[in-house]
Amino acid sequence: MNAKQIWQTAIERLRPRVNSAVFTTWFQGTSALSFQDGVFIIRVPTTFAKAQLETRFQELIRSTLVDITGGPVEVRFEVTKEQPAASDNGADSNAYRPAKRTYRLSKGRLSAPLRGKRVPPPEAAPTINSLAPSTPPETVYRQKKEDYGIPARPPVNYKQDQPEKPAPSSYTSYAEAAAAREEPIHKEAPPTKEYSPTHVSVEGLLMNPRYTFSSFIVGKSNKLAHATSLAVAENPGRIYNPLFLYGGVGLGKTHLLHAIGHAGEDAGLTVLYTTSEKFTNEIINAIRFQKTEEFRSKYRQIDILLVDDIQFIAGKESTEEEFFHTFNSLHNANKQIVVTSDRPPKAISSLQDRLRSRFEWGLLADVQPPEYEHRLAILRSKCDSLRFTVPAGVIEYIARPVCSSVRELEGALNRVIAYATLHDAPLTVSLAAQALEHIYDKKPPTTSNLTVNEVLDGICRYYNVNPELLRGKQRDRDIVWPRQVAMYLMREETTASLLQIGTALGGRDHTTIMHGWEKVHAEMGNNDLVKQEIASVLDSLQNHSF
Ligand SMILES: Nc1ncnc2c1ncn2[C@@H]1O[C@H](COP(=O)(O)OP(=O)(O)OP(=O)(O)O)[C@@H](O)[C@H]1O
């Protein structure tokens, strides 16, 4: 057997011996480099993975290799970012391929390379037809394993190449001088291309390859935004032009914007994705280097213009002016414009009326925070794309609090997975509660307004148990079950933290409380009688019928 085959066998033996989250995190992406004179060198993708494997799994790996080779083995790890071929080992067969460096001109029309292009995946990319609006909106699309090439950043020598700011007298108009004075909304990162006075960049920003229609989960809260985005992707420039997507933070506006962009690119159209911040900076630079005509003509050759956070152009006179002309020119040529904003045009104060009315011309579609079932579907889909099996109870736990943003929801899931991985512990509701305690303990007020003491008293009356016994250590079933029901209802029906619940129940820690919650929750899921029992206990608590 050569090193590759030995490692493949080792991986198969190691897989069932470690927690699946741990396996995915640390063993995925490894491969055999060589096996010579008893020294087995394993390639690992990061120094962090190397440290983890060395400190936690070196001996396990060594003994596995000894078993396979029948001789003494010394294990070493070598870090390289290079991805091994899929056949190198069994652990990385699903790994993403490294990004190719790609610069291409869309339709060969732009002199500068457009950013945000992606290399078509090896499997057929989702076609626009496959995303027909007739697809049931609640369908949970599965994300394909996609292999996108993202252009690498050319070397930056910003300071050295940046020319001196021209004297105000060189501006051709008052408006241009005013624009040149306009500060960018936020400090932008240095340009990723070499900066020269003869070059006016109209490059778009990179679009996130994960933000596709297939990875977007549709529910009541985003049905309209999703349906209109799909319609626009299918018929750019012909329907809902402009499309104005608005809503609170982290609710999927950028995701839909990029999904339209990807669909446009798949159809061979020239797509430019930008933010109002970048748009502003480009105008400022064009004016500074007297390249406004070049800027305009280049900007107007695109088929789909996608602008994120349009609200930020409000009050920036020259930017609004330039955007107005860009808008008119594209719209007159039946080119698609899609913008996002954190609020509807009406609520963007200091936006010029003529722009406001243009934004209202096409279609306004809002996104709202997802409701519980929708949050569950989003979390399940995220788990699938992360290739993590997360128990239903844990997903339900994460989805439980009213979560105003999908970004927060994703953050909570990532935190729980990282917590389990780092502690090498199984993913349970108690563990999720520990991982999220600082976030989820701040529960919104419940409708029942019960206190922990009221729950305790009510439970004792309902089950006819002495409160001291409930708070004590006794493990009889007659006491344990009411105690667990108390934990469950205190957690569900009061605003108390785990710590407060634990204190009310005789000084128990939060893990015990969550274990009790988990037990009752699981019983309720398996047994309708238990569900009825809990409903009846709650009813008695709320109606003080004892
Ligand atoms: N319905 C959804 N299905 C799947 N993922 C979603 C959904 N909605 C949002 N997301 C994910 O949530 C995260 C935040 O979404 P996005 O960046 O699009 O929000 P946004 O509305 O543009 O927020 P902001 O206004 O802060 O820029 C992204 O990772 C996105 O993929």
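This tour moves from the whole chain to a strand pairing, then to one helix, and ends at the ligand.

**The whole chain**

Begin with the complete protein chain of this predicted model. Colouring by secondary structure should bring out 21 helices and eight strands. Of the 546 residues in the protein chain, 38% are buried. Among contacts with a separation of 6 or more, 79% are accounted for by residues 24 or more positions apart.

**Strands β1, β2 and β3**

Select residues 31–36, strand β1, together with residues 39–44, strand β2. These two strands run antiparallel and are joined by five bridges. They form a hairpin, with two residues between the strands. In the turn, centre the view on D37, whose phi is positive, at about 50°. Beside the turn, Q36 stands opposite V39 of β2.

Now add residues 74–79, which are strand β3. Here the pairing with β2 is parallel, and six bridges make the connection. V39 is a useful residue to keep labelled: in β3 its bridge partner is E74, while on the hairpin side V39 faces Q36.

**Helix α9**

Next, select residues 292–299, helix α9. Which residues of this helix are buried? They are F295, K298 and Y299. Looking down the axis of α9, one finds these buried residues within an arc of 95°, so they line one face of the helix. The spacing fits a general rule: an α-helix has 3.6 residues a turn, so residues three or four places apart point the same way.

Rotate to the face turned away from the buried side, where the exposed residues E293 and S297 are found. To see what covers the buried residues of α9, display α8 (276–288) and α10 (317–332), which are included in that cover.

**The ligand and its shell**

Finally, select the ligand and the 17 residues around it. G252, K253, T254, H255 and V406 come nearest. Colouring the shell by class gives seven nonpolar, six polar and four charged residues.

Which helices each supply at least two residues of this shell? Show α7 (253–266) and α14 (406–423) to see them. Then colour domain 2 (114–144 + 202–367) and domain 3 (387–437) separately. Both domains give residues to the shell, so the ligand lies between them.

Conventions
Residues numbered from 1 in each chain as written. Predicted model: local features only at pLDDT ≥ 70, side-chain atom pairs only at ≥ 80, totals over all residues. Near = placed C-beta within 6 Å. Helix = DSSP H or I, 4+ residues; strand = E, 2+ residues; numbered from the N terminus. Nonpolar A, V, L, I, M, F, W, Y, C, P; charged D, E, K, R; others polar. Domains from an automatic or database assignment. Buried ≥ 20, exposed ≤ 12 C-beta atoms within 10 Å, placed from the backbone. Arc of directions from axis to C-beta. Contact = placed C-beta atoms within 7 Å. Pairing = 2+ DSSP bridges.
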